[in-house]
Amino acid sequence: MSKRVIILGVTGSIGGNAVDVVLSHPGEFQVAAVSALRRREECEAAAKRLGVKAYIGEDAALRAVEENDADVCLVATVGLSGLKPTLAAIEKGMDVALATKEVLVMAGELVRRRAEARGVRILPVDSEHSAVFQCIQGCEADEVDRITLTASGGPFLDEPADLSAVTVEQALRHPRWRMGPKVTVDSATMMNKGFEIVEASWFFGVPAGRIDVVVHPESVVHSLVTMADGATLAQLSPPDMRVAIQYALSWPRRLKSERARLDLASLGALTFRAPDERRFPCLALARAAIAAGGLAPATMAAADELAVAAFLAGRIGFMDIPRLVERALGAVPPGACDSEEAVRAAVGAAERAFSSASTTATTK
């Protein structure tokens, strides 16, 4: 039987690739609905290709979930907008293929508890978490010793030395992946990797202290898992998000594809190095938020979303992003992540703290 799928955020890079995956496997998937916040023409074009209804607007993702049934809901929206439809999909008994980082970063405890209560799976879509997920298939939780997430290093791995003068155009020039502007800027600051540490902890039940980050510019090794017996497993593939998207949608099956296979001989060498946390302070901020626990990661993610939006609009400089996130974290006391209302309250507090802090930020 074909899997019934809902695609939320169909006009983004993940959503567009998901459409390609579905169309390249006729008979395997049946799309029930697609949604987009805006970009009406693109959303309607995707819906037409799939022969389904398009939902567009502020509450489009939630309506798509509430008005349709599916086996798996792909959540590829931006920021906190993914939380409510994720919880709605869980309540309806759908598995969730999760690409929106902020959902687990801001409400991981809540989402995991709801998913366990309903007996549904939260399936990773990011290449790094998909790699870990693939490596641990068939393993018990106590067999996993450490997780190592790989990072491309973004556009500023080595240059420029002074990141304070980075422009929006430069920050959006990712060397490996084509993504939306928010995710691309998070990659440039390495905040996305901080988010991924939090996500990995919730996805796999591994404490953040046992989750490492290593810079791997070739983006071929997508993550590694060191087992209790000392063996390290890794998942390798060419940098193509459709590999991870397809596995999340087809799991527990693997479907054939005509995508390029990995040619190790042509690569010649794969390189790895520790990230420079002095140049990329967002990594340390993420670890501090994890250590604080509760709603601190939600505060961090909310402040980051506001800071990135301000940077993209030209109101603040690139290095103001971590500065403002740090100030918001220091101004908002962490609470318990036990309800959607608590998460929303943390976001409101972060917005107020951000507004106060941003008035003294160094502008471009």
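Strand 7 and strand 8 (residues 211–215) pair in parallel, with 5 bridges between them. The model described here is a predicted one. Two of the residue pairs along this stretch can be named: Leu 149 has Val 213 of strand 8 as its bridge partner, and Thr 150 has Val 214 of strand 8.

Strand 7 also pairs with strand 9 (residues 221–227), again through 5 bridges, and these two strands run antiparallel. Here Arg 146 stands opposite Thr 226 of strand 9. Strand 7 itself covers residues 144–151, and 6 of its 8 residues are buried, so that the strand is mostly covered.

The table sets out the named bridge partners of strands 7, 8 and 9.

| Residue | Partner | Strand of the partner |
|---|---|---|
| Leu 149 | Val 213 | strand 8 |
| Thr 150 | Val 214 | strand 8 |
| Arg 146 | Thr 226 | strand 9 |

**The sheet**

Strands of a sheet pair through backbone hydrogen bonds, in either the parallel or the antiparallel sense. In this model, 4 strands make up an open sheet with mixed pairing, and their order is 8-7-9-10. Strand 8 and strand 10 (232–236) are at the edges; each has a single partner strand, so one side of each has no neighbour in the sheet. On average, neighbouring strands of this sheet are turned by 20° against each other, direction ignored.

Helix 6 packs on the sheet, where it touches strand 7, strand 9 and strand 10. The direction of helix 6 makes about 40° with that of strand 9.

**Helix 6 and helix 10**

Two packed helices are described by the angle between their axes and by the distance between the axes. Helix 6 (residues 127–135) packs with helix 10 (residues 241–250) at an angle of about 55°, and their axes are 9 Å apart. Helix 6 is therefore oblique to helix 10. The crossing in which helix 6 passes helix 10 is left-handed.

Which residues meet in this contact? From helix 6 come Ser 127, Ser 130, Phe 133 and Gln 134, while helix 10 contributes Met 241, Ala 244 and Tyr 247. The residues of this contact divide into 4 nonpolar and 3 polar, with no charged residue.

Helix 6 thus appears in two settings: it packs with helix 10, and it packs on the sheet.

Methods:
Residues are numbered from 1 along each chain as its sequence is written. This is a predicted model: local features need pLDDT of at least 70, side-chain atom pairs count only at pLDDT 80 or more; totals for chains, interfaces and linings use all residues. Side-chain values use heavy atoms; hydrogens and water are left out. Axes are lines fitted to C-alpha atoms, for helices over the stretch in contact, and angles run from 0 to 180 degrees between N-to-C directions. Angles under 35 degrees count as roughly parallel, over 145 as roughly antiparallel, 65 to 115 as roughly perpendicular and the rest as oblique. A crossing is left-handed if the near helix is turned anticlockwise from the far one by less than a right angle, and right-handed if clockwise. Contact means heavy atoms within 4.5 Å. Ala, Val, Leu, Ile, Met, Phe, Trp, Tyr, Cys and Pro count as nonpolar, Asp, Glu, Lys and Arg as charged, and the others, Gly among them, as polar. Buried means under 20% relative accessible area, exposed over 50%, partly exposed in between (1.4 Å probe, protein chains only). Two strands pair if DSSP finds at least two bridges between them.
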